[in-house]
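Thanks for sharing this one with me. I have put my comments into numbered points so that you can go through them with the coordinates open.

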Amino acid sequence: MTQSPASAGARFRQALKEEHPLQIVGTLNPYTAMMAKTLGFRAIYLAGAGVANYSYGLPDLGITNLSDVLTDLRRITDAVDLPVVVDVDTGFGGAFTIARMMKGLIKDGAAALHMEDQVQLKRCGHRPGKEIVSQDEMLDRIKAAVDARADPDFFIIARTDALAIEGLDKALDRAQAYLDAGADMIFAEACTTLEEYAAFAQRLNRPHSVLANITEFSKTPNFTTEELAQAGVSAALYPLSAARAMNAAALRVYQEIRHKGTQKGVLDIMQQREELYKFLDYHAYEARIDALFSQQK
């Protein structure tokens, strides 16, 4: 893979300037990342739930660790040069662990992270029963990340889950404090209205300050990019949209094969071989093999 001259963080910052709001799609693995790049997306996302659910068969409850995330990150950044935003949950530990995390993310090609203000035993942001740490504890997490940022262009997104727990005013206070501590953007989790996003954008009042998590079957409606832009949102995240579709398709195929003894009834929902080859640039690899071996004959 030919690397772009600018760092991943710098390319992410440039994408934010050029696309409003910047669409960031979740990619589970290198192949889905390659599809996203071919289709023109400017940034992609590695979800913590994606790592837990699909790489380890675990629920997204803070069970996976930094090494697990970096393993999946390296696989993706080895395949594409799109900026990758990485979900690091609550930072995996204290200040020194966060510093180690920052070093690993930058070394392995990440462009950005988002770190949240939940307790260590975190939950999905759209589930009941989640708890948040004090504002001061989250500020310590952010300050540790900022202090360890070896690449000044690496982008730090602070996620707050305070809206569902403390209400809008306190969530806005936290968001402002997180930016003041050095975060570059606020991930306003579990907003239910465009007016709530607009309140974050108006309170923070700086470019590229609000990210919206447009995840399906959640507390947040599936707002369009036009609606989000009007509310002042700078980035729209679709963390597991493709994964959910892939799950549904796989389940249907397995059921068809198991119950009917053939896959003939679901061929229409499968990706054809030539389309797979197109995204992989398979024929170029095959041609290279042919050329190498022909020279030896």
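1. The lining of the largest pocket divides into 14 nonpolar residues, five polar ones and no charged ones. Keep in mind that this is a predicted model. The volume of this largest pocket comes to about 460 Å³. Its lining holds 19 residues, and those closest to the centre are Tyr31, Thr32, Met35, Ala242 and Met246.

2. Which element gives the largest share of that lining? Helix 11 does, with five residues. Helix 11 spans 241-260, and together with strand 1 (22-26) and helix 2 (30-38) it belongs to the elements that each supply at least two lining residues.

3. The second largest pocket holds about 320 Å³ of space. Ala49, Cys124, Asn213, Thr215 and Arg244 are the closest to its centre, out of 23 lining residues. For anyone setting up charges here, the lining of this second largest pocket divides into eight nonpolar, seven polar and eight charged residues.

4. Cys124 deserves a point of its own, as it turned up just above. With a relative accessibility of 33%, Cys124 counts as partly exposed. Cys191, in contrast, is buried, because its relative accessibility is 0%.

5. How many disulfides does the model contain? The count is zero. A disulfide needs two cysteine sulfur atoms within 2.5 Å. The closest cysteine sulfur to that of Cys124 belongs to Cys191 and lies 14 Å away, so the two are too far apart for a bond. Starting from Cys191 gives the matching result: its closest cysteine sulfur is in Cys124, at 14 Å, again too far for a bond.

6. Now to helix 8, residues 168-180. At 1.5 Å a residue, its 13 residues should span 18 Å, and the end C-alpha atoms are indeed 18 Å apart, so expectation and model agree. The expected figure takes 1.5 Å times one less than the number of residues, in case you want to check the arithmetic.

7. Where does helix 8 turn its buried residues? They pack against helix 6 (135-147), strand 5 (155-160), helix 7 (163-166), strand 6 (185-188) and helix 9 (194-204). The buried residues themselves are Ala171, Leu172, Arg174, Ala175, Gln176, Ala177, Tyr178 and Leu179.

8. One backbone detail to finish. After helix 8 comes Gly182, which has a positive phi, near 125°.

Definitions and conventions: Residues numbered from 1 in each chain as written. Predicted model: local features only at pLDDT ≥ 70, side-chain atom pairs only at ≥ 80, totals over all residues. Heavy atoms only, no water. Helix = DSSP H or I, 4+ residues; strand = E, 2+ residues; numbered from the N terminus. Buried < 20%, exposed > 50% of the residue type's maximum accessible area, 1.4 Å probe, protein only. Contact = heavy atoms within 4.5 Å. 1 Å grid on protein atoms, 1.4 Å probe; cavity = no way out; pocket = protein on both sides within 12 Å on 5 of 7 lines; lining within 4 Å. Points joined across faces, edges and corners; volume = space filled by probe spheres on them. Nonpolar A, V, L, I, M, F, W, Y, C, P; charged D, E, K, R; others polar.
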